[in-house]
Amino acid sequence: MKRVLADCSVSISELKKNPTALLNEANGAAVAILNHNKPTAYLVPAETYEWLMDMLDDYQLSQLVERRRAGLAEAVEVSIK
């Protein structure tokens, strides 16, 4: 059994019938799109997707910072004049 990570879910057939009504009814929440009662996709508002991408970017940058901080012992000190 697959876990559905959304409060709302609809079949692909329902999505095809009236996608705009579905988005309005979801009221900004993510919607799981089901195919044969299994989630195959998630429909998220553009604002939510953009926020998720920003969070992922921030996380990746924090991982880069941590890797570089771990290598501080190998850093070469320079003087900028």
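Which side chains does Glu 14 share a salt bridge with, or, put for a single partner, where does the side chain of Glu 14 meet another in a salt bridge? The partner is Lys 17, and the separation from N to O is 3.2 Å. I start with this pair, and I should say at once that what we are looking at is a predicted model, so that every value I quote is computed from predicted coordinates.Let me stay with helix α1 for a moment. Glu 14 and Lys 17 are three residues apart in this helix, which covers residues 12–17, and they are therefore separated by about one helical turn. The two ends of the bridge fall into separate classes of accessibility: Glu 14 is partly exposed, with a relative accessible area of 41%, whereas Lys 17, at 63%, counts as exposed. Leu 15 is also found in helix α1, and at 23% relative accessibility it counts as partly exposed. Leu 15 and Leu 43 are 28 residues apart along the chain, and their C-alpha atoms are separated by 9.9 Å.

How many salt bridges are there by the rule used here? The count comes to two, and the other pair is Glu 66 with Arg 69, whose side chains meet at 3.6 Å, again given from N to O. Both of these residues lie in helix α3, three residues apart, about one turn of the helix. Glu 66 is partly exposed, at a relative accessible area of 45%, while Arg 69, at 53%, counts as exposed.

Before going further along the chain, a word on confidence. The mean pLDDT of the protein is 92, and 99% of its residues reach 70 or more. If we go element by element, strand β2, residues 31–35, has the highest mean pLDDT, 96, and helix α2, residues 19–26, has the lowest, 89.

That brings me to helix α2 itself, where I would like to set two residues side by side. Leu 22 has its place in this helix, and so does Glu 25. Which of the two classes, buried or exposed, applies to Leu 22? Leu 22 counts as buried, because its relative accessibility is 12% and the cut-off for that class is under 20%. Glu 25, by contrast, counts as exposed, at 69% relative accessibility. Each can also be placed against a residue earlier in the sequence: the C-alpha atoms of Leu 22 and Ser 9, 13 residues apart along the chain, are separated by 9.9 Å, and Glu 25 and Cys 8, 17 residues apart in sequence, are 9.5 Å apart in space, C-alpha to C-alpha.

Next, please look at the loop between β2 and β3, the latter being residues 38–43. His 36 has its place in that loop, and Asn 37 is found there too. What is notable in the backbone is the sign of phi: for His 36 the angle is near 55 degrees, a positive value in a residue other than glycine, and for Asn 37 phi is positive as well, at about 65 degrees, although this residue is not a glycine either. Both residues are classed as exposed, His 36 at 73% relative accessibility and Asn 37 with a relative accessible area of 72%.

I will finish with the surface of helix α3, which runs over residues 46–70. Which residues form the negative surface patch? They are Glu 47, Glu 50, Asp 54, Asp 57 and Asp 58. Asp 54 lies in helix α3 and is partly exposed, with a relative accessible area of 49%; it can be part of a patch because membership asks for over 30% relative accessible area and no salt bridge.

There is also a nonpolar surface patch, of about 730 Å², made by Tyr 49, Trp 51, Leu 52, Met 53, Met 55, Leu 56 and Tyr 59. Leu 52, one of its members, lies in helix α3 and is partly exposed, with a relative accessible area of 37%. When you turn the model, then, helix α3 is the place to find Asp 54 from the negative patch and Leu 52 from the nonpolar one, as well as the salt bridge between Glu 66 and Arg 69.

Technical notes
Residues are numbered from 1 along each chain as its sequence is written. This is a predicted model: local features need pLDDT of at least 70, side-chain atom pairs count only at pLDDT 80 or more; totals for chains, interfaces and linings use all residues. Side-chain values use heavy atoms; hydrogens and water are left out. Patches are made of residues with over 30% relative accessible area and no salt bridge: like charges are joined within 9 Å, nonpolar side chains (Val, Leu, Ile, Met, Phe, Trp, Tyr) within 5 Å. Accessible areas come from the Shrake-Rupley method with a 1.4 Å probe; for residues, only the protein chains shown count as cover. A salt bridge is a side-chain nitrogen of Lys or Arg within 4 Å of a carboxyl oxygen of Asp or Glu. Lys and Arg count as positive and Asp and Glu as negative; His and the chain ends are not counted. The place of a charge is taken as NZ of Lys, CZ of Arg, CG of Asp or CD of Glu. Helices (H or I, at least four residues) and strands (E, at least two) are DSSP runs, numbered from the N terminus. Buried means under 20% relative accessible area, exposed over 50%, partly exposed in between (1.4 Å probe, protein chains only). pLDDT is the predictor's confidence in each residue, from 0 to 100.
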